[in-house]
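The following exercises concern the architecture of a two-part assembly and the packing inside it. Each task is followed by a solution in steps.

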Amino acid sequence: MKKFAFLLALMLVLPSSWAKEAVLVAEDPEIERRMIHLSEDLRCLVCQNESLAGSRADFANDLRREIREQMKDNKSDKEIVDFLVARYGDFVLYRPPVKPTTFLLWFGPFVFLAAGAILLFFYLKRRRRQIEDPALSETQRQQAEALLKDSKGNNA
Amino acid sequence: MMRYLLPLVAFSVLVVFLLIGLNLNPRQVPSPLIGKPAPEFQLQQLQDSNKTLTSKENLGKVWLLNVWASWCVSCREEHPLLVELAKSGIVPVYGLNYKDERDLALQWLKQFGDPYTVSIRDPEGRTGIDYGVYGVPETYVIDKNGVIRYKQIGPVTVEALETKILPLVKELQG
């Protein structure tokens with residue numbers, strides 16, 4: 001039990017001390033802040049589920065260095081993003097630009113939504129027609145009345 | 001009839017999308033550099049540190065640029081093919097020694113053979129960034145006008161060589 005508690009304590013304590021963000025070379029905190037802000041929206045191509053800001057891959061390190069240096073050269077964020085897109089393609093962007101090849105990506109969900117809405121509309125319309133009270137014929141009405149009367153009599 | 005057909009159609013569409021999606025390789029990111037002039041470089045040669053190579057020196061011929069490193073495991077996989085290709089003399093192969101140490105790189109070539117007409121050094125990976133390198137090995141086919149025509153991401157395979165690279169090289173040399 002003691003061992004278990006110790007292990008648990010270790011598990012709680014260690015990760016926070018191990019978890020270091022990607023190595024920072026913070027000469028200029030302002031540039032560092034800008035770089036991290038920009039690279040959060042950029043994909044690391046080596047570990048594709050991570051952003052350039054969060055990845056510890058060597059490749060991400062190099063690109064962060066590149067971004068930092070370009071910021072020191074007074075390049076704007078847009079110029080830096082263009083620089084990266086020219087080399088790695090739109091894939092580095094977590095927010096892909098709207099253009100013909102990405103129309104499906106951007107508008108596909110809305111197409112599905114519209115299709116779903118249309119289907120739902122017709123389905124509900126048909127359903128309403130089905131559950132509308134079917135008209136009783138005269139004999140059916142009389143039968144029902146007789147049944148009702150009958151059951152009333154029984155209960156009383 | 002409709003109530004059985006509709007889900008079946010929807011399911012088939014889903015299966016087709018999944019099949020396409022699962023057969024795509026997420027590592028194969030299409031390079032925007034294809035059809036664009038190969039980025040210029042002037043880099044130190046690996047074998048002779050006093051010499052440099054510039055990308056302009058290769059204008060007028062079709063050449064391959066193979067990005068490699070001694071620390072790269074899949075480079076060993078493709079290396080015998082490159083050695084063979086270099087021997088055949090069909091197309092010159094230049095090496096970009098990416099983020100490597102000179103001693104280790106030289107030793108690696110001694111051990112596995114040196115297919116490269118010239119290897120150049122990119123110890124900090126800056127030329128690599130210009131070429132959009134993100135996973136070594138990568139191989140570029142560059143034409144007589146210095147335009148990138150093809151990029152092989154990952155090791156060169158016999159299949160890629162026979163179906164894509166060599167036919168393209170012949171066409172470009174033609």
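Helices here are DSSP runs of H or I with at least four residues, strands are runs of E with at least two, and both are numbered from the N terminus. The model is predicted.

**Exercise 1.** Determine how many helices and strands chain A has, and how its elements are ordered.

*Solution.* Step 1: counting the runs gives 6 helices and 0 strands in chain A. Step 2: read from the N terminus, the order of elements in chain A is α-α-α-α-α-α. Step 3: chain A comprises 156 residues, of which 13% count as buried; burial requires 20 or more other C-beta atoms within 10 Å of the residue's own.

**Exercise 2.** Identify the residues with the most contacts inside the largest nonpolar core, and the elements that give two or more residues to this core.

*Solution.* Step 1: the largest nonpolar core contains 52 residues, and B:Leu64, B:Val136 and B:Tyr140 have the most contacts inside it. Step 2: chain A gives two or more residues to this core from α3 (58-72) and from α4 (77-88). Step 3: on the side of chain B, the elements that do so include β3 (63-68), α2 (73-88) and α5 (158-173). Step 4: leaving aside residues up to four places away in sequence, B:Tyr140 touches B:Ala38, B:Leu64, B:Leu65, B:Tyr131, B:Ile148 and B:Lys151.

**Exercise 3.** Describe the side of chain A that touches chain B.

*Solution.* Step 1: the contact takes 12 residues from chain A and 12 residues from chain B. Step 2: α3 and α4 of chain A each give two or more residues to this side, and α3(A) gives the most, with 4 residues. Step 3: by character, the residues of this side of chain A divide into 7 nonpolar, 2 polar and 3 charged.

Terms used. Residues are numbered from 1 along each chain as its sequence is written. Chains are lettered from A and ligands numbered from 1 in the order in which they are written. This is a predicted model: local features need pLDDT of at least 70, side-chain atom pairs count only at pLDDT 80 or more; totals for chains, interfaces and linings use all residues. A residue is buried if 20 or more other C-beta atoms lie within 10 Å of its own, exposed if 12 or fewer, and partly exposed in between; C-beta atoms are placed from the backbone. A nonpolar core is a set of buried Ala, Val, Leu, Ile, Met, Phe, Trp, Tyr and Cys residues joined through C-beta atoms within 7 Å. Two residues are in contact if their C-beta atoms, placed from the backbone, lie within 7 Å. Ala, Val, Leu, Ile, Met, Phe, Trp, Tyr, Cys and Pro count as nonpolar, Asp, Glu, Lys and Arg as charged, and the others, Gly among them, as polar.
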